[in-house]
Amino acid sequence: MADVRCSCGYTESGDEMLTDHLLEVFVPADSQGLDGQVHEEMAATGACACAVATTTPGELDQHFLAAFTPADSVGRDGARHAQIRQSLQ
């Protein structure tokens with residue numbers, strides 16, 4: 001079993017996943033990615049506004065994380081956010 005958490009101390013619980021937390025701290029209000037393009041889900045197609053098409057919601061989340069996560073993993077709150085996986089024994 002693995003404990004999945006963020007370097008800021010956030011731990012997955014209930015229905016809130018680490019991906020939700022990371023998207024919350026990295027995605028700006030205007031949805032403009034690091035590449036200058038707008039990245040947001042198009043409800044009708046499930047694809048991204050930048051024209052990237054994915055086949056699962058998880059793939060779309062990974063696209064958003066790639067588009068919004070800065071190299072230093074510092075979120076809009078000024079804290080570093082990165083996934084930490086620890087084995088629970």
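1. Where is glutamate 24 found? It is found in helix α1. This is a predicted model, and every value in this note is computed from it. Glutamate 24 counts as exposed, because its relative accessibility of 54% is over the 50% cut-off. Leaving out residues up to four places away in sequence, glutamate 24 touches Glu16 and Arg76. Leucine 34 lies 10 residues from glutamate 24 along the chain. The C-alpha atoms of that pair are separated by 15 Å.

2. Confidence comes next. The mean pLDDT of the protein is 90. A score of at least 70 is reached by 93% of the residues. Helix α2, residues 57–68, has the highest confidence, at 96. Strand β2, residues 83–87, has the lowest, with a mean of 76. Read statements about β2 with that value in mind.

3. Now the overall layout. The protein has two helices and two strands. Along the sequence they follow the pattern β-α-α-β. The C-alpha trace spans about 45 × 30 × 20 Å along its principal axes. The protein has 89 residues, and 29% of them are buried. Take the contacts between residues at least 6 apart in sequence: 55% of these join residues at least 24 apart.

4. How do the two helices meet? Packed helices are described by the angle and the distance between their axes. The axes of α1 (residues 18–26) and α2 come within 10 Å. They cross at roughly 35 degrees. The crossing of α1 past α2 is left-handed. From α1, the residues in this contact are Thr19, Leu22, Leu23 and Phe26. From α2, they are Asp61, Gln62, Phe64, Leu65 and Phe68. By type, the contact holds six nonpolar residues, two polar ones and one charged one.

5. Leucine 65 is one of the α2 residues in that contact. Is leucine 65 buried or exposed? It counts as buried, because its relative accessibility of 12% is under the 20% cut-off. Beyond residues up to four places away in sequence, leucine 65 touches Thr19, Leu22 and Leu23. Those three are also listed on the α1 side of the helix contact. Leucine 65 and aspartate 3 are 62 residues apart in sequence. Their C-alpha atoms lie 20 Å apart in space.

6. Turn to the core. In soluble globular proteins, nonpolar side chains tend to be buried together. The largest nonpolar core here has 15 residues. Which residues have the most contacts inside it? They are Cys6, Leu18, Leu22, Phe26, Cys48, Phe64 and Phe68. Strand β1 (2–6), α1 and α2 each supply at least two residues of this core. Leu22, Phe26, Phe64 and Phe68 also appear in the contact between the helices.

7. Cysteine 6 deserves its own point. Setting aside neighbours within four places in sequence, cysteine 6 is in contact with Leu18, His21, Leu22, His81, Ala82 and Ile84. Among these, Leu18 and Leu22 are also on the list of core residues with the most contacts.

8. Next, histidine 63. This residue is found in helix α2. Histidine 63 is buried, because its relative accessible area of 17% is under 20%. Neighbours within four places in sequence aside, histidine 63 is in contact with His39, Cys48, Cys50 and Val52. Histidine 39 is 24 residues away along the chain. The C-alpha atoms of the two histidines are separated by 8.8 Å.

9. Two backbone angles are worth checking. Serine 31 has a positive phi, near 60 degrees, and is a residue other than glycine. Alanine 51 is not a glycine either, and its phi is positive at about 90 degrees. Serine 31 lies in the loop between α1 and α2, and alanine 51 lies in the loop between α1 and α2 too. Which of buried or exposed applies to serine 31? Serine 31 is buried, because its relative accessible area of 9% is under 20%. Alanine 51 counts as exposed, because its relative accessibility of 66% is over 50%.

Notes:
Residues are numbered from 1 along each chain as its sequence is written. This is a predicted model: local features need pLDDT of at least 70, side-chain atom pairs count only at pLDDT 80 or more; totals for chains, interfaces and linings use all residues. Side-chain values use heavy atoms; hydrogens and water are left out. pLDDT is the predictor's confidence in each residue, from 0 to 100. Helices (H or I, at least four residues) and strands (E, at least two) are DSSP runs, numbered from the N terminus. Buried means under 20% relative accessible area, exposed over 50%, partly exposed in between (1.4 Å probe, protein chains only). Contact means heavy atoms within 4.5 Å. Axes are lines fitted to C-alpha atoms, for helices over the stretch in contact, and angles run from 0 to 180 degrees between N-to-C directions. A crossing is left-handed if the near helix is turned anticlockwise from the far one by less than a right angle, and right-handed if clockwise. Ala, Val, Leu, Ile, Met, Phe, Trp, Tyr, Cys and Pro count as nonpolar, Asp, Glu, Lys and Arg as charged, and the others, Gly among them, as polar. A nonpolar core is a set of buried Ala, Val, Leu, Ile, Met, Phe, Trp, Tyr and Cys residues joined through side-chain atoms within 4.5 Å.
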